[in-house]
Amino acid sequence: MTHSKVVIIGSGPAGLTAALYAARANLEPLVVRGLQPGGLIATTSEVENYPGFVDGIGGFELYEHMERQAGRFGAQYKDAIIQRVDLSERPFKLYTDTDELISADTLIIATGASPRKLGVPGEEKLANRGVSYCATCDGFFFRNKKVVVVGGGNSALDEGLFLTRFVDELVIVHRRDSLRADPVLQERAFDNPKVRFVWDSTVDEVLGGERVEGVKLRNLKTGEQTTLETEGVFPYIGHVPNTWLFKDVLELDETGYLVTDNRQRTQIPGVFAAGDVVDHVYRQAITAAGEGCRAAMEATWFLSEQEHAAKKSQAVTEEVVSPALGQW
Ligand code: NAP
């Protein structure tokens, strides 16, 4: 069994910033890295809006910086996936996929979010055979090919633009006729000769035998169905929070996000949450990092209060016992 005063589940910007602050408070936090070390940021090609990096920084590189920085102050890392939690009493108990028990005086949940699936026929069957949720990881395999990106937000455009380094043609399929992405990204996409848009359309099916060969599209205004040949499909249609572990344990909102107060506290004292697992409004690396900082400071204060309360109750016990002993 491993015990830590602060256990952090998740190693994205929220988890690693929490680790940095908890480590600098001398709490030697333990970070359980989870399924995707570094979280979504580590799969992002280029991060241009994280302050301090004038020319931008690769997502994976940013993750490595954060991990090393927290490690410098004593954060510990474990490659494991938490399968079950028991938060009914302190210390909390966490069970890993290798049946290891981790106990924690405080817990910071920073499990992030995962890419939302299209949920159409062919998507699952052709995953990793042309369907990919990570342009940074897989873009290279689509050199000189034609690929489809689905979505109209920042991720679709950011990652789509990254793909244009490799592909011959990029088709962005969006369900409306205007984009949600930041104007700067829209401008770059409209100016890029490799990018073409299919508006007001959704993907109804991913087609192919061994590998992706095309997509069946439906125009939402006319109902017309067409087939578009492509060798790759990259859905970037938002995210779902990774909260399955806490389903009957902590309060979730109607869309599945963890509920906290404005100090990152869940309804269980000593359990905090930060980043994309909580935030369905901003969802930026910098806001996740900010929440991670807040969660770690709250955990630090919580532990100090517990320690103070324990000392006080010990002092009261001694005060009560001593005079009584003296009278005997
Ligand atoms: P997002 O902003 O929620 O955009 C999701 C896109 O997918 C929207 O265009 C949406 O269409 C579309 N969509 C949703 N469900 C769909 C479905 N079932 N079928 C077809 N299309 C669907 O998600 P995101 O782009 O992943 O971004 C998430 C957060 O990360 C945002 O806050 C974003 O600003 C941030 N982010 C920032 C950067 C950056 O600053 N460079 C980069 C990446 C991500 P509608 O527009 O019609 O709703």
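Which atom of the ligand is 2.6 Å from an N or O atom in the side chain of Arg-176? In this predicted model, that position is taken by an oxygen atom of the ligand. Arg-176 also belongs to the group of residues that come nearest to the ligand, together with Asn-49, Asn-154, Ser-155 and Arg-180, out of the 18 residues around the ligand. A further oxygen contact involves the backbone, with a polar backbone atom of Gly-153 lying 3.3 Å from an oxygen atom of the ligand, whereas a nitrogen atom of the ligand is placed 3.0 Å from an N or O atom in the side chain of Asp-158.

Helix α4, which spans residues 154-163, packs against helix α5, residues 183-191, at an angle of about 45° and with the axes 10 Å apart; the two helices are therefore oblique to each other. The crossing of α4 with α5 is left-handed, and the contact is formed by Asn-154, Leu-157, Asp-158 and Leu-161 on the α4 side and by Leu-185, Gln-186, Arg-188 and Ala-189 on the α5 side. Four nonpolar, two polar and two charged residues make up this contact.

A second helix pair is formed by α1 (residues 13-24) and α2 (residues 59-72), whose axes come within 8 Å and cross at roughly 20°. Because angles under 35 degrees count as roughly parallel, α1 and α2 are described as roughly parallel to each other, and their crossing is left-handed. In this pair, Pro-13, Leu-16, Ala-19, Leu-20 and Ala-23 of α1 meet Tyr-63, Met-66, Glu-67, Gln-69 and Ala-70 of α2, a contact comprising eight nonpolar residues, one polar residue and one charged residue.

Key
Residues are numbered from 1 along each chain as its sequence is written. This is a predicted model: local features need pLDDT of at least 70, side-chain atom pairs count only at pLDDT 80 or more; totals for chains, interfaces and linings use all residues. Side-chain values use heavy atoms; hydrogens and water are left out. Axes are lines fitted to C-alpha atoms, for helices over the stretch in contact, and angles run from 0 to 180 degrees between N-to-C directions. Helices (H or I, at least four residues) and strands (E, at least two) are DSSP runs, numbered from the N terminus. Angles under 35 degrees count as roughly parallel, over 145 as roughly antiparallel, 65 to 115 as roughly perpendicular and the rest as oblique. A crossing is left-handed if the near helix is turned anticlockwise from the far one by less than a right angle, and right-handed if clockwise. Contact means heavy atoms within 4.5 Å. Ala, Val, Leu, Ile, Met, Phe, Trp, Tyr, Cys and Pro count as nonpolar, Asp, Glu, Lys and Arg as charged, and the others, Gly among them, as polar. A residue is near a molecule or strand if one of its heavy atoms lies within 4 Å of it. A polar contact is a pair of N or O atoms within 3.5 Å; within protein, one must be able to donate a hydrogen and the other to accept it, and residues adjacent in sequence count only if both atoms are side-chain atoms.
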